[in-house]
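Thank you for making time this morning. I would like to take you through one model, going from a small internal space out to the sheet and the helices around it, and I will try to be careful about what each statement rests on.

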Amino acid sequence: VIDLAAWSGEYLAGHPHDRMADVRLAAPPLGVPVKAQPEMLAQVVGNLIDNACKYSDPGTPVVVSVAVAGGVAILAVEDAGHGIEPAEVGRIFEPFFRSTEARRRGVGGLGLGLSVAARIVRSLGGHIEVKSELCRGSRFTVRLPVATK
């Protein structure tokens, strides 16, 4: 069992990114216990932050937030980027899917990050979802069961 709030702060401090000045953490000081391996969470959060940075402009915020509500731990990564075409939102967790915008802009990647993140989240008993609006950004939300010792 790890404290998702404390782990998130440690993860961000220990994994520098070329856009770290844009990445902010909004989390309670402690008290969001989840059953998860830190390495698996790192893969999920790393993929979400990388995507947020790829699809938003430097100088715009990328917010990682942690909360707990109704027995569910919530970790979200939100950007103020380009957003995802509504017709493509339902496919972004498919292996090898790359959006039309990503291909048009020449954004690197294989289309595996989000499918890997979704599999990891499911293996932890959780769920991942996205809400996105063109030209306004995207919010990826991971919901995990709160651990009870």
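Before we look inside, a word on classes: Ala, Val, Leu, Ile, Met, Phe, Trp, Tyr, Cys and Pro count here as nonpolar, Asp, Glu, Lys and Arg count as charged, and the others, Gly among them, count as polar. Please also keep in mind that what you see is a predicted model.

With those classes in hand, let me begin with the enclosed space. The count comes to 1 cavity of 30 Å³ or more, and the volume of the largest cavity is about 30 Å³. Which residues line the largest cavity? They are Leu4, Leu41, Val44, Val45, Leu75, Val142 and Leu144, and sorted by class this lining has 7 nonpolar residues, with no polar and no charged ones. Two elements, helix H2 (38-54) and E7, each give two or more residues to that lining, and H2 gives the most, with 3 residues.

That brings us to the sheet. It is an open sheet of 5 strands in the order E2-E4-E5-E7-E6, with mixed pairing. Strand E2 (23-26) and E6 stand at its edges, and because each has a single partner strand, one side of each is left without a neighbour in the sheet. From one strand to the next, the twist averages 15°. H2 packs on this sheet, where it touches E2, E4, E5, E6 and E7, and the direction of H2 makes about 25° with that of E5.

Let me stay with strand E5, residues 72-79, which is mostly covered, since 6 of its 8 residues are buried. On one side, E5 is joined by 8 bridges to strand E4 (residues 62-69), and the two run antiparallel. E4 and E5 form a hairpin with 2 residues between them, and in the turn glycine 70 has a positive phi of about 55°. E5 is also joined by 7 bridges to strand E7 (residues 137-145), again in an antiparallel arrangement. If you would like a residue to follow across these strands, take alanine 76: serine 65 stands opposite alanine 76, and alanine 76 in turn stands opposite threonine 141 in E7. For valine 77, the bridge partner in E7 is phenylalanine 140.

Now to helix H5, residues 113-123. Its buried residues are Leu114, Ser115, Ala117, Ala118, Ile120 and Val121. As a general reminder, an α-helix has 3.6 residues a turn, so residues three or four places apart point the same way. What do the buried residues of H5 pack against? Their partners are H2, strand E6 (127-133) and E7.

After H5 comes glycine 125, whose phi is positive, near 80°, and which is found in the loop between H5 and E6. Is glycine 125 buried or exposed? Its relative accessibility is 54%, and exposed means over 50%, so glycine 125 counts as exposed. For a sense of distance, glycine 125 and lysine 54 are 71 residues apart in sequence and 28 Å apart in space, taken from C-alpha to C-alpha.

Conventions: Residues numbered from 1 in each chain as written. Predicted model: local features only at pLDDT ≥ 70, side-chain atom pairs only at ≥ 80, totals over all residues. Heavy atoms only, no water. Buried < 20%, exposed > 50% of the residue type's maximum accessible area, 1.4 Å probe, protein only. Helix = DSSP H or I, 4+ residues; strand = E, 2+ residues; numbered from the N terminus. Pairing = 2+ DSSP bridges. 1 Å grid on protein atoms, 1.4 Å probe; cavity = no way out; pocket = protein on both sides within 12 Å on 5 of 7 lines; lining within 4 Å. Points joined across faces, edges and corners; volume = space filled by probe spheres on them. Contact = heavy atoms within 4.5 Å. Axes fitted to C-alpha atoms, helices over the stretch in contact; angles between N-to-C directions.
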